[in-house]
Amino acid sequence: MKIDEVELRVIRVPFRSAFTTSFGSQTEKHTVIVTVRSDGVEGYGEGVMETLPEYREETLAGALYLLREALVPALLRDGCDHPGDLAAAWARYRGNPMCKTSLELAVWDCFARQQGVALRDLIGGSVSEIPVGASLGMNPLGDTLASVDRHVAEGYKRIKLKVEPGWDHELLGPVRTAHPDIELTVDANSAYTLDDIDTLRRFDDYGLKYIEQPLHWDDLVDHAALAPLLRTPLCLDETLTSPARVRAALDLQACAVVNLKVGRVGGLAATLRIHELCVERGVPMWCGGMLETGVGRAHNIHIATLPGFTYPGDTASASRTYARDIVLQPLEATGGMMPVPLDGPGIGVTLDRAYLDEVTESLETVRR
Ligand code: OSB
Ligand code: MG
C-alpha cells in the first residue's frame, strides 16, 4: 500500500455522565482520530491514551509527538505491503503501544476497505454478534444498585463493578444479595497492594468470575504471588502491554484470564499473536474497552469476533457513554448481544462528519 496522506484529528467528545474509577473521574473522550488515505480510500483508527498518564504511561501529547515526528513520516515514506507488518517496522521506537495502534488500526481499516472485506473476515472472525457485559463506574450505592438492575434487565451478560479500598465489600454485599446468580466481576485498576491481603481474600465470598488488575499497573510478580492465595481467578488488564508480556503473565501464572485491549498491547498484529497464544493454552480472553467513540468501538467489536474471545467483553452500547457518537451507525446491544457493524467493508461504520467537526479541537494533515 502506498499511503498518500494521514490526518490527525484531536477530538473532545462529552460523556453523558462522569465515569469514575480508582484512578480518577473522566467526563469526556479527549483523543486522536487517525485517518489514512490511500488511492482514494480512507481508514480510521482511534487512540486510547489519556490526556494525563492515569491508566498507563502514555499521554495524548506524547502520542501526537511520536506520530508527527516518526511514525507518520515513516508510513508515508515506506508504505506497507500488509498492515500486519507495521508493528515490526516501528519496533525501533520502544513501547508506546497505544500511539502505534492508533495509526496501525487506521491502516488495517483502509486495507480492508480496499479489499472490500469486513475487518472481521480479514482477521478470521466469523460471528455476526458478540456477547457483551457492562462496566459500571463508581457511584453512590443506591445509584449503582439501580444501574445493576437496569443493565441486568437489558440483558447484559456480565456486570463489572469498579472497586478500591474502602469501596468494595460495602458494594459487593448488597449487589450480590440483590442478584445472587448474575455473572459478576470487579476491576480495581491497580488500587490494592499485597498488604491488603485480608480484604482481597474476602473477594472470594461473592462468587466472582474473576478479579481484574487488583495490584500495581505494571506488576506481574505480586499478582503471581496473590493468585494461589485466592479461589477467584485473576484477570490482568493494565499489566498486559505486548505479546511477550502476556506470555510472561501466563508462564508466571499471574493471571488465568486475559483482558485484551488492542491499544494497550500494541495493535491488531499483536492481538492476533496473543489470541493464538491464549487459544493454544486454553486461556479465556475477552475484549476490554476504553470508553471509545464509534471508531474504536467498531474496531473492538470486529476483534471480539475471533473465536478465542469466549467471555463477554466491555464493548457495550455506545449510548451508555455518549449522547451522540461520531459515527452514523448506532453501536447498540440488544439482549446483551452487540451486532458486528457490517455496513460496508473495514470496520463497517461511516463518520458523522458534521458532529466530528463540532467536537474537533485541532486538525492536521501530513502528505507524502
Ligand atoms: O480498566 O477496563 C478498564 C475505562 C477506561 C479506562 C479503563 C477501563 C475502563 C472501563 C470501561 O472499565 C470499559 C468500557 O466501557 O469501555
Ligand atoms: Mg480494567
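Analyst: On a 1 Å grid over the protein atoms alone, a pocket is an open set of points with protein on both sides within 12 Å along at least five of seven lines, a cavity is a set where a 1.4 Å probe fits but cannot get out, and lining residues have an atom within 4 Å of a point. The model is predicted, with local features needing pLDDT of at least 70 and side-chain atom pairs pLDDT 80 or more, while totals for chains, interfaces and linings use all residues. Residues are numbered from 1 along each chain, chains are lettered from A and ligands numbered from 1 in written order, and side-chain values use heavy atoms, without hydrogens or water.

User: How much space lies in the largest pocket?
Analyst: The lining of this pocket is made up of 22 residues, and S17, S147, R150, H151 and R320 are the ones nearest its centre. With grid points joined across faces, edges and corners, and volume taken as the space filled by probe spheres set on them, the largest pocket holds about 500 Å³.

User: Which elements each supply at least two residues of the lining of the largest pocket?
Analyst: By class, this lining has six nonpolar, 10 polar and six charged residues, where Asp, Glu, Lys and Arg count as charged, Ala, Val, Leu, Ile, Met, Phe, Trp, Tyr, Cys and Pro as nonpolar, and the others as polar. Taking helices (at least four residues) and strands (at least two) as DSSP runs, the elements that each supply at least two residues to the largest pocket are β1 (5–21), β5 (134–136) and α5 (141–153).

User: Which element gives the largest share of the lining of the second largest pocket?
Analyst: The second largest pocket has a volume of about 290 Å³, and among its 17 lining residues A87, K100, S242, V265 and G266 lie nearest the centre. Two or more lining residues come from each of α2 (86–89), α3 (97–115), α9 (243–251) and α11 (268–281). The largest share, three residues, comes from α11.

User: Where does ligand 1 sit?
Analyst: Turning to the enclosed spaces, there are four cavities of 30 Å³ or more, and the largest cavity has a volume of about 270 Å³. It is lined by 25 residues, with F19, S135, G289, M290 and L291 closest to its centre. Since sitting in a space requires more than half of a molecule's atoms to lie within 2 Å of its grid points, ligand 1 can be placed in the largest cavity.

User: What percentage of the area that ligand 1 exposes when taken alone does the protein bury?
Analyst: The ligand is surrounded by 16 residues (a heavy atom within 4 Å), including S135, K162 and N189, and this shell divides into five nonpolar, four polar and seven charged residues. Among the polar contacts (N or O pairs within 3.5 Å), oxygen atoms of ligand 1 lie 2.9 Å from S135, 3.1 Å from K160 and 2.9 Å from K162. By the Shrake-Rupley method with a 1.4 Å probe, ligand 1 alone exposes 390 Å², and the share of this that the protein buries is 99%.

User: Which element gives the most to the lining of the second largest cavity?
Analyst: The second largest cavity holds about 110 Å³ of space, and its 16 lining residues include V48, V262, G263, E292 and N300, which lie nearest its centre. Two or more of the lining residues come from each of α3, α10 (262–265) and α12. With four residues, the element that gives the most is α3.

How values were computed. Polar contact = N/O pair within 3.5 Å; in protein donor to acceptor, adjacent residues only side chain to side chain.
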